[in-house]
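Please open the model in your viewer and keep a selection panel at hand. The stops below can be taken one after another.

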Amino acid sequence: KQEVEKIRIKITSLSLMGSQITSDETIQQLFVECRLNNFLAEETPLSLPKPTGGQRIHYNYSTVINMDKAANHAEREYLKLILLKPDLPANSLKFTVVSDPPEDEQELECEDIGFAYVSLKEIFQKQRDVIDQDIDVFDSQDGSAVIGKLMVTVEALQALCSVHEECSKD
């Protein structure tokens with residue numbers, strides 16, 4: 001039973017479309033952060049050179065969030081909220097594409113350049129994990145502009161079902 005109580009996240013690759021980001025000389029290296037509400041932030045261990053016109057950069061990074069009852073009570077309570085409160089705004093995993101300053105310009109800050117989301121509520125509603133899916137990356141300055149695609153896998157259905165079962169027993 002314990003085996004299913006985890007969420008597996010894989011960040012496969014990133015491509016950018018022609019935008020200010022592709023032409024911005026100050027943006028050279030990119031990494032991706034993944035965040036579940038305030039609990040957890042994981043980031044790709046490497047920042048990779050910014051992809052140019054239509055190319056993809058490959059992170060092939062994966063991580064697992066344990067959701068077992070004993071050690072991860074807060075995370076499970078959060079998943080329950082996602083399932084029980086239909087209007088909860090933060091019901092997604094948030095992926096942030098971050099510009100990493102070049103080695104010789106470390107005084108520059110890391111800068112968020114785009115955001116992508118995978119809805120955990122939707123995974124539960126559709127009863128389907130997200131496997132190797134390209135999701136839109138939205139510009140951090142203009143939330144409606146799509147600047148690229150992030151290929152991700154989010155395997156959360158079993159953990160969500162387990163939490164849902166627990167809700168119906170409470």
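What follows is a tour through strands, single residues and a pocket.

Before selecting anything, note that this is a predicted model, in which local features need pLDDT of at least 70 and side-chain atom pairs count only at pLDDT 80 or more, while totals for chains, interfaces and linings use all residues. Residues are numbered from 1 along each chain as its sequence is written, and side-chain values use heavy atoms, with hydrogens and water left out.

**Strand β6 and its partners**

Begin by selecting strand β6, residues 92-100; the element names used here are DSSP runs numbered from the N terminus, with helices being H or I of at least four residues and strands being E of at least two. Seven of the nine residues of β6 are buried, so this strand is largely enclosed by the rest of the structure; buried means under 20% relative accessible area, exposed over 50%, and partly exposed in between, with a 1.4 Å probe and protein chains only.

Now add β2, which pairs with β6 in the antiparallel sense over eight bridges, where pairing requires that DSSP finds at least two bridges between two strands. Within this pairing, Glu33 stands opposite Thr96 of β6. Add β7 as well, which runs antiparallel to β6 and is joined to it by eight bridges. Two places to label are Phe95, which stands opposite Ala116 in β7, and Leu93, which stands opposite Val118 in β7. From β7, continue to β8, with which it pairs in the antiparallel sense over two bridges; here Gly114 has Asp139 in β8 as its bridge partner.

**Val32 in β2**

Return to β2, residues 29-36, and select Val32, which has its place in this strand. With 0% relative accessibility, Val32 counts as buried. Which residues are in contact with Val32, once its neighbours within four places in sequence are left aside? They are Ile11, Glu42, Glu43, Thr44, Tyr59, Phe95, Thr96, Val97 and Leu150, contact meaning heavy atoms within 4.5 Å. Draw a distance from the C-alpha atom of Val32 to that of Pro45, 13 residues apart along the chain, and the separation is 8.9 Å.

**Ser13 in β1**

Next select Ser13, which lies in strand β1, residues 6-16. Ser13 counts as buried because its relative accessibility is 1%. Its side chain is joined to that of Arg56 by a polar contact of 2.7 Å; such a contact is a pair of N or O atoms within 3.5 Å, where within protein one must be able to donate a hydrogen and the other to accept it, and residues adjacent in sequence count only if both atoms are side-chain atoms. Not counting residues up to four places away in sequence, Ser13 touches Arg56, Ile57, His58, Tyr59, Lys149, Leu150 and Met151.

**Thr153 and Asp132**

Move to Thr153 in strand β9, residues 146-155. Thr153 is buried, its relative accessible area being 4%. Although Thr153 and Thr12 are 141 residues apart in sequence, their C-alpha atoms are 7.7 Å apart in space. Leaving aside neighbours within four places in sequence, the contacts of Thr153 are Arg8, Ile9, Lys10, Val130, Ile131 and Asp132, and the Thr153 side chain reaches the backbone nitrogen of Asp132 at 2.9 Å.

Asp132 itself, in strand β8, is partly exposed, with a relative accessible area of 42%. Its phi is positive, about 40 degrees, although Asp132 is not a glycine. Most residues other than glycine have a negative phi.

**Gln127 in its loop**

A further positive phi, about 55 degrees, is found at Gln127, which is not a glycine. Select Gln127 in the loop between α3 and β8, where it is partly exposed, with a relative accessible area of 42%.

**The largest pocket**

Finish by selecting Tyr117, Val118, Ser119, Glu122, Ile123, Lys126, Arg128, Asp129, Val130, Gln133 and Ile135, which line the largest pocket. At least two residues of this lining come from each of β7 (111-119), α3 (120-126) and β8 (130-139).

Note on methods:
On a 1 Å grid over the protein atoms alone, a cavity is a set of points where a 1.4 Å probe fits but cannot get out, and a pocket is an open set with protein on both sides within 12 Å along at least five of seven lines; lining residues have an atom within 4 Å of a point.
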